[in-house]
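Please look over the sequence and structure below; the questions that follow ask why certain descriptive terms apply.

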Amino acid sequence: MTRTGPRGTGFIPVSPPTLADVAERAGVSRQTVSNAVNNPDLLRSGTLERVREAIDAMGYSPNRAARNLRTRTSQLIGLRVSPAQEGTANAMMDRFVHTLVDTSAEAGYHVLLFPGDHGDPVGGYDNLLRSTTVDAFVVTDTYLGNPQAVWLSEHRAPFVAFGRPWDQPGATHPWVDVDGAAGTRLATEHLLAKGHTRIAWIGWRKDSPIGEDRRSGWLGAMRDTGQPTSGLASRVEDTVQSGAEAAAVLLDESSPTAFVCASDTLAMGVLHTLWIRQLAPGRDIAVIGFDDSQVAQVFPVGLTSVRQPLEEVAIEIVGSLETLLGHLPAGPGVLLSPTLSIRESS
């Protein structure tokens with residue numbers, strides 16, 4: 001049902017136009033409109049042009065739900081979002097999610113966020129698979145021992161991981177990751193070039209492969225230049241308080257002139273300790289974090305930090321998803337290089 005505008009010109013739909021509305025306007029059958037949308041090669045050029053003009057004029061969009069029933073696809077990509085951890089400064093996932101949403105939309109997909117529960121690593125996936133709500137998943141929690149990748153593989157659910165399969169060297173699923181070791185090497189080499197020799201490391205517990213990967217960059221750069229590392233490393237929980245406590249111990253026992261940290265959260269802890277001791281970041285003690293969070297960018301002095309190419313990560317992930325959903329052979333994992341955002345703290 002339609003009506004004309006106040007001056008008798010222009011098409012204004014009372015409700016979204018239907019296939020029948022287009023057929024009436026173009027003077028063809030409903031089947032002809034359907035063919036114009038789904039099988040244009042079946043129509044004569046003049047008929048096809050007339051139908052397409054009617055579609056454009058009326059703003060008609062084929063019924064997505066009906067198309068999904070036919071093709072058994074939803075054009076939806078599932079992404080599990082875990083609750084934010086208190087006491088941290090890390091908001092990098094916000095930047096990643098926004099880029100993933102934008103890039104997916106360009107490829108014709110929408111991202112469906114669903115909640116995560118730390119007590120149930122695979123919670124939410126089963127319900128979505130049973131209801132065929134999504135075509136594929138993006139997995140972001142790739143810590144050691146996380147069962148998501150194995151569970152999804154066993155259930156033959158297409159997915160791409162943001163992160164390497166740390167405990168599955170033979171895994172065949174596509175993944176995209178950032179070279180953490182290269183990032184911390186960049187940070188350490190930057191400090192070495194500034195004349196620092198006693199550069200301390202504050203990282204995560206030894207059972208974190210991501211943390212150990214980042215630690216290896218600091219360790220390699222120090223050893224390559226013959227600098228000492230004994231007594232200059234600490235492994236802690238990823239909280240501001242832990243970073244502050246580790247910095248205090250290292251300053252008292254090892255007298256470092258600079259810190260490289262596995263996260264901006266830990267680096268903020270170092271900055272807290274420096275503030276308490278009235279030491280100026282960048283002048284008295286240099287500090288570098290990892291992730292280039294918003295906190296790093298707005299901190300009064302400006303925190304130097306390793307920046308992950310999250311926009312490029314999202315683009316690579318969507319490309320891998322298109323390959324999977326196109327039933328084409330998946331390529332190998334992709335390892336991207338970070339950069340260093342240099343500010344006054346170093």
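Q: Why is Glu322 called partly exposed?
A: Glu322 has a relative accessible area of 41%, and since buried means under 20%, exposed over 50% and partly exposed in between, with a 1.4 Å probe and protein chains only, Glu322 is therefore classed as partly exposed. The model is a predicted one, in which local features need pLDDT of at least 70 and side-chain atom pairs count only at pLDDT 80 or more, while totals for chains, interfaces and linings use all residues. Residues are numbered from 1 along each chain as its sequence is written, and side-chain values use heavy atoms, with hydrogens and water left out.

Q: Which residues does Glu322 touch, not counting residues up to four places away in sequence?
A: Glu322, which is found in helix α13 (residues 310–325), touches Ala107 and Tyr109 on that count, where contact means heavy atoms within 4.5 Å. Glu322 and Ala107 are 215 residues apart in sequence, yet their C-alpha atoms are 8.0 Å apart in space.

Q: What makes His190 count as buried?
A: The relative accessibility of His190 is 13%, and because this value falls under the 20% limit, His190 counts as buried. His190 is found in helix α8 (residues 180–193) and, not counting residues up to four places away in sequence, touches Ile288, Leu340, Ile342 and Ser346. Across the chain, buried residues make up 46% of the 346 residues.

Q: Why are α1 and α3 called oblique to each other?
A: Helix α1 (residues 19–26) and helix α3 (residues 45–58) pack at an angle of about 125°, with their axes 9 Å apart. Angles under 35 degrees count as roughly parallel, over 145 as roughly antiparallel, 65 to 115 as roughly perpendicular and the rest as oblique, so α1 and α3 are oblique.

Q: Which residues make the contact of α1 with α3, and how do they divide into nonpolar, polar and charged?
A: Asp21, Val22, Arg25 and Ala26 of α1 meet Arg50, Val51, Ala54, Ile55, Ala57 and Met58 of α3. These residues divide into 7 nonpolar, no polar and 3 charged, where Ala, Val, Leu, Ile, Met, Phe, Trp, Tyr, Cys and Pro count as nonpolar, Asp, Glu, Lys and Arg as charged, and the others, Gly among them, as polar.

Q: How many helices and strands are there in the chain?
A: There are 13 helices and 14 strands, taken as DSSP runs numbered from the N terminus, with at least four residues (H or I) for helices and at least two (E) for strands.

Definitions and conventions
Axes fitted to C-alpha atoms, helices over the stretch in contact; angles between N-to-C directions.
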